[in-house]
Amino acid sequence: MGTVSRSSGRANGRARARPAGPPPPAIPPCPVRRFTPDEYHRLTEAGILTPDDRVELLHGWLVPKMTLHPSHAYVVNTLMRALLALVGPNRSVRVQQPITTPDSEPEPDLVVASGPDRDYKSRHPRASECLLVVEVAEASLRADQTTKLQLYAAARVGVYWVVNLVERRVEVYTRPRGGKSPGYRHRQDYGPGEAVPVVVAGRELGRLAVEELLP
Amino acid sequence: MGTVARSSGRANGRARPAGPLPPAIPPFPVRRFTLDEYHRLIRTGFFREDDRVELLNGWIVAKMGTNPAHASALTRTARRLRRLLGDDWIVREQSSLTIPNSDSEPEPDILVARGPEEAYDARHPQPKDTVLLVEIAESSLAEDRGEKLRTYAAARVGVYWVVNLVDRRVEVYTRPRGGRDPGYRHRQDYGPGEAVPVVVAGRELGRLAVEELLP
């Protein structure tokens, strides 16, 4: 199948059987060119990256995102309801939307940004405006605890949660450190029977029972 | 420089870098591009003039800047090939080779194509037009013998030279083999004191002394 190619094809309509899209994502054998967030936007405007692509920009590379399992989606929804209730209208609660750093545009599962929704009509929140970033991690656990963690720490995201579905706990990382080897100076884990404090801009807005978040 | 951030920009006082991060091998799989997407990027002026890239198996690969030894070997080789081949064959330096039905558009250091030269006014030479490819290899040696060699063999380019500045010899690869593990079935090396046969479309048109090609 796949007889319908992704566009009308080349101008002269020579019938060439090209596979519909690019070859599958892979680790290249040699250094590849990277992209700035602006260039990344232009790839979308030019119609080269489409919603079907499901990629995010990490350190200038176009990285495919994992497909979401129902349990992952369930946790994201539960958290979204809980955060909306706690955070109120003066801060934007965003679900799987991009945030911008100087070299990346990741799409975290949840973000609490410092401004209200209307602040982000024409741009994405900068990572430095993100008061809380949450990744729900199952298959993506390693990446969320390493690549993403370093990226958020370097961009000075104050509080980063990994909702770890594998080990059934919420990992709360605070006190970001930049530099050559970015990371968080502090980590505290919360398991079933415990409640995670929702701390936004230094204020505890409430607590969420871990059991109620996990599937 | 770059003191005016695009807006208030809190805490993290990092200036936005002017261009993308330097090319590198990513730690995770990245999205690749089709030849058609690559052409659209070029047409829309996505790459600036000093942004030298080529497409190799769907990866946009940055070309390395050349040092004097590389430039000299390139000039020496191209000049002697032109002298030997005359007007019947077109000797091009660092211009594109379009490989249809692939995801590659490399820019070999030297490409010898069938004339007349008007044939390439509106399109780049393709493997069917190409009788000899040359890469001058110093820091790019591994790539020229690896990804480039496989790409050229898969495209059935009959003769491929690696002018190896590290080991001071010319490696002549012939009898391309495609399939899953493309490569050349035959390799013959020529060192100083020897002369490389210039075989074009099955006929030896002369020989070039290796010493004259190496700086």
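**View 1. The contact of chain B with chain A in the predicted model**. Chain B and chain A bury about 4400 Å² between them, with 62% of it on carbon and sulfur atoms; buried area is the accessible area (1.4 Å probe) that two parts lose on being put together, summed over both. B:Phe28, B:Arg31 and B:Phe46 supply 16% of what chain B buries against chain A, more than any other three residues. The contact (heavy atoms within 4.5 Å) takes 48 residues from chain A and 45 residues from chain B.

**View 2. The salt bridge of A:Asp53 with B:Arg31**. The closest N and O atoms of this pair are 2.6 Å apart. Two salt bridges are counted between the chains, each a side-chain nitrogen of Lys or Arg within 4 Å of a carboxyl oxygen of Asp or Glu.

**View 3. Surroundings of B:Glu143 in helix 3 (residues 141-145) of chain B**. Helices are DSSP runs (H or I, at least four residues), numbered from the N terminus. B:Glu143 is buried (under 20% relative accessible area, 1.4 Å probe, protein chains only) but has no salt bridge. The nearest side chain of opposite charge (Lys and Arg positive, Asp and Glu negative; His and chain ends not counted) is B:Lys148, 4.1 Å away. Leaving aside neighbours within four places in sequence, the contacts of B:Glu143 include A:Cys30, B:Leu56 and B:Met64.

**View 4. Helix 2 (residues 70-87) of chain A**. Among its buried residues are A:Val75, A:Leu79 and A:Leu83. The face turned away from the buried side carries A:Pro70, A:Arg81 and A:Ala85, which are exposed (over 50%).

Residues are numbered from 1 along each chain as its sequence is written, and chains are lettered from A in the order in which they are written. In this predicted model local features need pLDDT of at least 70, and side-chain atom pairs count only at pLDDT 80 or more, while totals for chains, interfaces and linings use all residues; side-chain values use heavy atoms, without hydrogens and water.

Technical notes:
Helix = DSSP H or I, 4+ residues; strand = E, 2+ residues; numbered from the N terminus. Expected span 1.5 Å × (residues − 1).
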